[in-house]
Amino acid sequence: GSPLSGKSTLLNAAFGADLSISKSPSNRAQGSAALCATKDATDSILLFEMGTSDSDRDLDTKCARFACALADVMMLNIPANDVGALDSYVNEILWTLLEDGARSLTDGNFTKTLLVFAVRDVDVGDEEECKEITSILLDDARRLWTEAGAPAASPIDELFDISIVLLPHAGFETDQFNARAKQLGTALSVNGSEMQPEYSKGIPEDSFAVFSESMWESVFAKGIVESEVETVVSSPASKAALECAEAAFSSGFDKSNAEINQLRLKIARGDLVRNFGSAAYTILSGVEDEFRRATAEHSEDESVVRKARELRSIVSHSLMLLFSKQLQLARENALTLYKSSSVADDASSELAFFKADDMFVSTAKDSVHDAFPTWSFDNERTELQNSMKELAAQRRRFVQARLQSAHQQQNTMHYLQMQQAQLRAIQEHAYSGGDGQLNVGAAYRPTDTNLNVSVGYQQGRTNVQISVVPDEYAGYLGPNGFSAVGPANLGMSFNVSI
């Protein structure tokens, strides 16, 4: 946004940032631009606040291009009075963003970006005013998109998703402003309603420093070349050198892009590139050699030197992104090997750890080259080792839980067996009448009668039974009845349980 338009106030209210707030022009460095970076309150979003210069619009343009190359979301902070003003600062920055977007869309190398218009000092209760502001902003965006050289068949929403947020005055309606700004910050959070995966520029966290530095060098070099075109073309020799350099640059860029795309497709299929470092160096050195041969007659010209530096920066940056994807794939393959090697119960987690780590290191060492001194795989290796350690800890917890469960089952079975043994003992005790109990029974039948008298003693109780039963088998026993059984027809039985 423009100077003193409340950029820091908005970022602080929306994301919980802690940016210092300028109250007057004296707090700003005159004649300089600023691109400040900070994190939100959750430490998950990187925020850029782009200040402006009073005299160097070219530097502003470079800052805008640099921020757009990194950011998933571009938010323009617009005072309500500037809406519809053709000469406003915001329109200049917006035109720069749309021009770069149109160029990338034509080249077929683009990533969709969320473009947020945050309009300040709006009477949000006036529906007519809100509708008018929204209509003007959309019309201006479409007009600038066409003027920026966008393909006729490509509407602006093919590259930008536009969101318009209307905010009340931060000083006069502070509570309402803070509430709406907080809603905006929530919608733009990592899992917010406005955020889409397609907005991501795909920059690995551990490579962000190198990426941003390379991108700044590329944008800065490109800006200097373009700003000096007017002085260069005044000399026929310089003009010829510039044309030669641009032709060689285009040829080298196309060649490198084709070769890099082949490697990119291979990695996208899940195939690692063998000796990636050597392959990357071959691409870069080949492009540079071809550029030097094509510009040999103008090798000392400043425009040729700058174009050569720009070409190297762009190709190195593309190769660096591919290097990061190569490491990510190598890390995934190593982690898969670790999981498969440690799945068995008797498998050694330590052996699987060292095998996976050795596999990753071997691939990573083949992926680096002395020509790219900033390339490193230390962070990816550390992440791989931490992931494997976490998996090993989870496996140990699982095995321990399974052993505890088996031990509990064993204790339960032992307890049930003891209970079953006790039940059997109780049953035997009940059926046998008790250990050590004497059971005695006696029966008597008078001679020539059907009278039976029986007496029994069992478990401490005496039982006497008298019955008259016809003797159907008397004829088989002889004339004396039961006299043959014992003296005086007395029968005895003893049952002793031990």
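This report describes a hairpin, a buried aspartate and a nonpolar surface patch in a predicted model.

## The β1–β2 hairpin

Strand β1, which covers residues 35-39, runs antiparallel to strand β2, which covers residues 46-50, and the two are joined by five bridges. Within this pairing, cysteine 36 of the hairpin has glutamate 49 in β2 as its bridge partner.

Six residues lie between β1 and β2 in the hairpin that they form, and in the turn aspartate 43 has a positive phi of about 60 degrees.

## Aspartate 60 in helix α2

Helix α2 spans residues 57-70 and includes aspartate 60. Because its relative accessibility is 1%, and the cut-off for a buried residue is under 20%, aspartate 60 counts as buried.

Although aspartate 60 and glutamate 92 are 32 residues apart along the chain, their C-alpha atoms are separated by 9.6 Å.

## The nonpolar surface patch

Leu451, Val455, Val464, Ile466 and Val468 make a nonpolar surface patch of about 450 Å². Two elements, β7 (451-458) and β8 (461-468), each give two or more residues to this patch, and the largest share, three residues, comes from β8.

Isoleucine 466, one of the residues that make the patch, is found in strand β8. Its relative accessible area is 58%, and since exposed means over 50%, isoleucine 466 is therefore classed as exposed. As general background, side chains in a regular strand alternate between the two faces of the sheet.

Conventions: Residues numbered from 1 in each chain as written. Predicted model: local features only at pLDDT ≥ 70, side-chain atom pairs only at ≥ 80, totals over all residues. Heavy atoms only, no water. Helix = DSSP H or I, 4+ residues; strand = E, 2+ residues; numbered from the N terminus. Buried < 20%, exposed > 50% of the residue type's maximum accessible area, 1.4 Å probe, protein only. Pairing = 2+ DSSP bridges. Patch = residues over 30% accessible without salt bridge, like charges linked within 9 Å, V, L, I, M, F, W, Y side chains within 5 Å. Areas by Shrake-Rupley, 256 points an atom, 1.4 Å probe, with all protein chains shown as cover. Salt bridge = Lys/Arg side-chain N within 4 Å of Asp/Glu carboxyl O.
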